[in-house]
Amino acid sequence: MAEARSAVSRPRVGRIEEGRNPREDFLFGLRTHAIRRFFRIRNSIKNGMWPTKLWNLVVMVGVLSVVLVGDWEPLRPLTGRLRYMEEVLHIPGDWPLLARSLLTSFIAGFIFFIILLHVRRYTLRMLLSYRGWMYEQPKTQSLATTVWGLLVHLVSGSHPSLYGCQQSLPRQPVPPLKETLKSLIQSLKPLYGEDSQIIQDLKKESKEFQRTLGPKLQRILYLKSWWAQHYVTDFWEKYVYLMGRSPLPINSNYYIMDQSNWKPTSSQVARAANVIYQFMLVRQSIEHEKMEPLLIRNTIPICMAQYELVFSTTRVPGEEMDQLVHYSSTESKHIIVNRKGVMYKLDMFDMDRKLVSPADLQKQLHWIMMDAERHLGDYSEEARSLPALTGLNRKEWATVRQTHFNGGLNQDSLATLEKALFHVVLGTEIHEDISSRAQYLFHADGKSIWFDKSLTLLVQPDGRMGLNCEHSYADAPVLAHIIEINFTQEAVHGLLSPELDLESCDLDLHESKSSHSIYRPERLVWEIPDSLGRSINSAHLTVLKAIEDIDLRVEGYFKYGKGFVKTCKVSPDAYIQMALQVTYFKNAKEHCLTYESSMTRLYLQGRTETVRSLTMEASKFVWAFVDKTVPRADKIRLLQEACEAHARQYKDCMSGRGIDRHLFALYVVSKGLEYDCEFLKKCLSIPWTLSTSQSPQQQLLNSPSCDLPEYRDKTSPGGGFGPVSDDGYGVAYMIPGDFKFFFHVSSKKSSKKTDSSLFMSQLFETLDQMKELFEEN
């Protein structure tokens, strides 16, 4: 094939490139390893001492030394104990007083420091286990909560590193079995009817489960919670994500969009270069742990463990189970840039081992675009469609990978691709409509995104961009936080480097006029035998079939936002959830089991929990809302009651009192013990017909309000995902301030029960009607 011939006839640019010295590269690798080792040791010591700090030890030693040397009468009891310690430690009495005092003070101070460290850490862990603050508004919180907040501030250390708070976070408790089963039955009553035969049967099965197998499984979870960092997270990552055999596009990966109606530049290479550079700064802050943990109410830290795998991570397919592979900074110093199916390795450090500047990145990206045009003829259609393989069923992709990428040129190129910090796709088509932009980020053309990669940046020719993210290693709020750093930089400070006049630029990368010489990108080449070519074509058709079946709509609602909702004295999130319940009822003429994602990162290694939005209160409100004979006042009352119940359940889930992860963990343990529990299987197999999630926004502590006039068009619409059920909807929503909402609605065209455009129009109609309730009142 043409690409294989290219590998033989042309030297592989960048292997041992002009200006590169293998000996210097080797020595640089040693220096990099030593520096990285130093940072790791330093951060480990710093994290190990938090919430205390090294100066606490220095002060303690200094104070004890002064006490010993001064030998003041009021402090004689303390001095006597310290002198007794000298005897116990056999410190020679003929030493000078100052030397003996310093050594004794250091030993005693170190012991007191260790005691202080553990007392503060365990005290903070106990304080952070308190959840009463969640059920109180900041302006009306109780005296007990106010005192608790002051104690947290007092015991906490200042300016912790990224992972500094981890050892002080509490571990998520296992909920009582009886409460979980009671809540489960209660959550299914509005779906099946309070007195239905299904509910009666479930009650009987629940009691039988509590009497027989349940307690045994519960004891095992209790035991696991004592030694594991989290009693369910490892189960969740393994069995829900890594052992899932479905293709990643549509089913697992999600997307995040850039600003809604504004962009900092219309230049593709300028936008890409600036975002890439900003990501590299974030990556360095994560690696050196300079990024501080996120705090709720500027007081309560949350788990930051998921940040470790954002960059340099690839999900490698396996026949039965995938594997997350994270590469060190010595292996992963480059990104992969895809232009028209031709992929390039682009070094992120110049010949002086410094981070490549945004201006130099613009030159390199422009060079890649020109070089890709010159070499398109050297690559077959199959070679340029290679990423489609990552859209296959995981077992099938694992088989193809083992057969065709287990040696030779393909193995080398694949290793380079998978070790990248992240991937970049320089697109060729402009998608103006917001729904079209979302579809492009969600799946592109089915052959451009390497879906296995933790993070893919897609940039349109007009400067629009966004992310496609693999889901197993981290949840959406983590990536949303990272890209929000970039959005804030662009909106508040502008581009890190302005758009260059590349036509007049010197594009000879080795004789560049930049302050540092930069490496020429290395073009990846592949050997594509006929059998691999057929697999690629088949994979592309498989992905295209899935793409053609997805019905995705993204729209903004601009008549009001959370500003109005707050005047209704309800939670904005609960308000949107009730609107979704009414809309689904209008759409399907029935209720459905509804999933809303909430985070459990208040606990160590916490990820998510399920909020079951369909409650008895929500059902009563829906029936009243669609009934024109019900008085307006009653509808308002029922809405407020439904919102209050939803908000309370949401807080329960954040507090570790959700039911779905507990049921899932019980099921995993039952399968591990080779029990076939029909009750758990039945409860976990009810489809989530409506799957919802609120996109986080303004996670940065000092970011400007998106309600300010100059920033209203610079907010992101958030991101979206595919439907969980073939006959259901996936709905993501963003609440960016007081004046608007954004909604992402996905479904499958093959289903006769769903229509995303109809659902969106019915949702907007519902929002109008809900506002009218309060306006007319």
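This passage describes a helix pair, two nonpolar cores and one buried loop residue in a predicted model. Local features require pLDDT of at least 70 and side-chain atom pairs pLDDT 80 or more, whereas totals for chains, interfaces and linings use all residues. Residues are numbered from 1 along each chain as its sequence is written, and side-chain values use heavy atoms, without hydrogens or water.

Helices α11 (residues 268–287) and α12 (residues 358–375) cross at roughly 130 degrees, and their axes come within 8 Å. Helices are DSSP runs of H or I, at least four residues, and strands are runs of E, at least two, numbered from the N terminus. Axes are lines fitted to C-alpha atoms over the stretch in contact, with angles from 0 to 180 degrees between N-to-C directions. α11 and α12 are therefore oblique to each other (neither under 35, nor over 145, nor 65 to 115 degrees). Contact means heavy atoms within 4.5 Å. Residues of α11 including A270, A273 and Y277 meet residues of α12 including L361, L365 and M369. By class, this contact has ten nonpolar, four polar and no charged residues (nonpolar: Ala, Val, Leu, Ile, Met, Phe, Trp, Tyr, Cys and Pro; charged: Asp, Glu, Lys and Arg; polar: the others, Gly among them).

The largest nonpolar core holds 101 residues. A core joins buried Ala, Val, Leu, Ile, Met, Phe, Trp, Tyr and Cys residues through side-chain atoms within 4.5 Å. Helix α11 supplies its largest share, ten residues. L365 and L479 are among the members that touch the most others. A second, separate core of 42 residues includes Y584.

T689 lies in the loop between α24 (678–684) and β15 (690–695). T689 counts as buried, because its relative accessibility is 14% (buried is under 20%, exposed over 50%, partly exposed in between; 1.4 Å probe, protein chains only). Beyond neighbours within four places in sequence, T689 contacts residues including Y584, C592 and Y729.
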